[in-house]
Amino acid sequence: MTETRPQLRVYDDTRALFHLPEGVIYLDGNSLGALPLGAAERVARTITAEWGEDLIRAWNTAGWYVQPRRVGDRIARLIGAEPGSVMMGDTLSLKVYQALAAALDMVPERRVILSDTGNFPTDLYMAEGLITTLGRGHALRLVAPEAIEDALTEEVAVLYITEVDYRTGRKHDMAGLTAKAHALGIVTVWDLAHSAGALPVDLAGAGADFAAGCTYKYLNGGPGAPAFLYVAPRHAERARAALSGWMGHAKPFAFDLGYRPAGGVERMRVGTPPVLALAALEASLDIWDRVDIAEVRARSIALCDLFIAEVERRCPSLRLVTPRDPASRGSQVSFAFEGGYAAMQALIAQGVIGDFRAPDIMRFGFTPLYIGEVEVVRAAEILEAIIRDEVWRRPEFAVVNAVT
């Protein structure tokens, strides 16, 4: 009999389930989520009880082999995907590569990959690399985010786009763009890096073809947490696995010399799954299983609105670059400021952690599972003092770190 546990109230119940250092206001969950308290115990159990005691037997006894599919089904609930359509493993870069390669194969007569200038650079780099590898004359066409809809034409093979812009938080209309793309015979690939765990996603309802995302941001899976890949069930039996790894073979332990793809999304497995990283992610998903994503979204909107109002009132020299309309943004707020990098370092020194994106964007991510109104107002107060007193001009805050 399956245990039924009560649903958790966002922040009121969930805040106590995360570790946050004393005196820190953490507004960077859009880059790396906070540590779920259950993660250390879960990983330790995987190491000592499973790896330590069962050794290689744990692939069967502890379910390591089926873990990527099992965890994928748990992610599926958060992104509106059908059961059995999501596979875990590898990095987001590899998953978008797999998705884009499979999508291009579905429209072999077309050569244009359409994306926007707000897409995350790694997605564009992977597209460029794939184009070179294929050597079939494909071209990557970039337009401004607001020009994507008008750029959809019958010469486009794949619409390849991140739903929420990593710099500004601007949100694309997934359902609308997918519908228009399909009407023109275009296959869609969506990057959900800044969507999963931040807002409701409905891949099945939107009719998306492929999607990929990471789990170390809003899903709190930890640094280097594995990525996920979605393949619409209608494509699952014909999508080509460009990275035809051993684990994606129909019979891996038959040790055939030739590759035969597994059925469905299983063919998108590549190499050995990251068991320890997946264990840490499962600890976070134990929380997400009991959370209503609609409540997360509602509280996110309220927190972002509050922060925008507070910062604009206190810091008029900062310019909002995030859409003011909640329906048009994700769960982050970005302000442009000429001294943005130094100001962010000054903020971090005072316990308010956000991040910076070149050339001048101060970026703040809002994760309602562990951030509330009190922290938001306090962060704005500290920012006001740093700007007003020009604390950011101190030489130590101009030192550029390797990771910004």
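User: In this predicted model, which residue stands opposite Ser 334 in S15?

Analyst: The model is a predicted one, and in it Ser 334 stands opposite Arg 363 in strand S15. The strands concerned, S12 (residues 332-336) and S15, pair in the antiparallel sense over five bridges.

User: What makes S12 and S15 count as paired strands?

Analyst: Pairing requires at least two bridges between two strands. S12 and S15 have five bridges, so the criterion of at least two is met. Strand S14 (residues 355-357) is also joined to S15, by three bridges and in the antiparallel sense, and this pair therefore satisfies the requirement of at least two as well. Within it, Arg 357 stands opposite Ile 361 in S15. A hairpin of three residues links S14 to S15.

User: Why is S15 described as mostly covered?

Analyst: A residue is buried if its relative accessible area is under 20%. In S15 (residues 361-365), five of the five residues are buried. Ile 361, Arg 363 and Gly 365 point one way from the strand, while Met 362 and Phe 364 point the other way, and all are buried. In a regular strand, side chains alternate between the two faces of the sheet.

User: What makes S7 largely enclosed by the rest of the structure?

Analyst: Strand S7 covers residues 156-162, and seven of its seven residues are buried, so the rest of the structure largely encloses it. S7 has pairing partners in S5 and S8. With S5 (residues 112-116) the pairing is parallel, over three bridges, and Val 112 has Val 156 of S7 as its bridge partner. With S8 (residues 187-191) there are five bridges, and the two strands run parallel. Leu 159 has Thr 188 of S8 as its bridge partner, and Thr 162 stands opposite Asp 191 in S8.

User: Which strands form the open sheet, and what makes S4 and S6 its edge strands?

Analyst: Seven strands form the open sheet, in the order S4-S10-S9-S8-S7-S5-S6, with mixed pairing. S4 (86-88) and S6 (139-143) are the edge strands, since each pairs on one side only. On average, neighbouring strands of this sheet are turned by 20 degrees against each other, direction ignored. Helix H5 packs on the sheet and touches S5, S6, S7 and S8; the direction of H5 makes about 155 degrees with that of S6.

User: Why are H4 and H5 called oblique to each other?

Analyst: The axes of H4 (residues 92-106) and H5 (residues 121-134) cross at roughly 50 degrees and come within 9 Å. Roughly parallel requires an angle under 35 degrees, and roughly perpendicular requires 65 to 115. The crossing of roughly 50 degrees falls in neither range, and H4 and H5 are therefore oblique. Their crossing is right-handed. On the H4 side, the contact is made by Ser 93, Val 96, Tyr 97, Leu 100, Ala 101 and Leu 104; on the H5 side, by Thr 122, Asp 123, Met 126, Ala 127, Leu 130, Thr 133 and Leu 134. These residues divide into nine nonpolar, three polar and one charged.

User: What makes H3 roughly parallel to H9?

Analyst: H3 (residues 67-78) and H9 have axes that come within 11 Å and cross at roughly 30 degrees. Angles under 35 degrees count as roughly parallel, so H3 is roughly parallel to H9. This crossing of H3 and H9 is left-handed. The contact involves residues including Arg 70, Arg 74 and Leu 78 of H3 and Leu 278, Glu 282 and Trp 288 of H9. Its residues divide into 10 nonpolar, one polar and five charged.

User: How do you know whether Arg 269 is buried or exposed?

Analyst: Arg 269 has a relative accessible area of 3%. Buried means under 20%, so Arg 269 is buried. Arg 269 lies in the loop between S10 (228-231) and H9 (275-288). Not counting residues up to four places away in sequence, Arg 269 touches Tyr 65, Pro 68, Met 87, Leu 243, Gly 245, Met 247 and Gly 248.

User: Is Ser 195 buried or exposed, and what value places it there?

Analyst: Ser 195 has a relative accessible area of 0% and is therefore buried, the limit being under 20%. Ser 195 is in the loop between S8 and helix H8 (203-206). Leaving aside neighbours within four places in sequence, Ser 195 is in contact with Glu 163, Val 164 and Val 201.

Technical notes: Residues are numbered from 1 along each chain as its sequence is written. This is a predicted model: local features need pLDDT of at least 70, side-chain atom pairs count only at pLDDT 80 or more; totals for chains, interfaces and linings use all residues. Side-chain values use heavy atoms; hydrogens and water are left out. Axes are lines fitted to C-alpha atoms, for helices over the stretch in contact, and angles run from 0 to 180 degrees between N-to-C directions. Helices (H or I, at least four residues) and strands (E, at least two) are DSSP runs, numbered from the N terminus. Angles under 35 degrees count as roughly parallel, over 145 as roughly antiparallel, 65 to 115 as roughly perpendicular and the rest as oblique. A crossing is left-handed if the near helix is turned anticlockwise from the far one by less than a right angle, and right-handed if clockwise. Contact means heavy atoms within 4.5 Å. Ala, Val, Leu, Ile, Met, Phe, Trp, Tyr, Cys and Pro count as nonpolar, Asp, Glu, Lys and Arg as charged, and the others, Gly among them, as polar. Buried means under 20% relative accessible area, exposed over 50%, partly exposed in between (1.4 Å probe, protein chains only).
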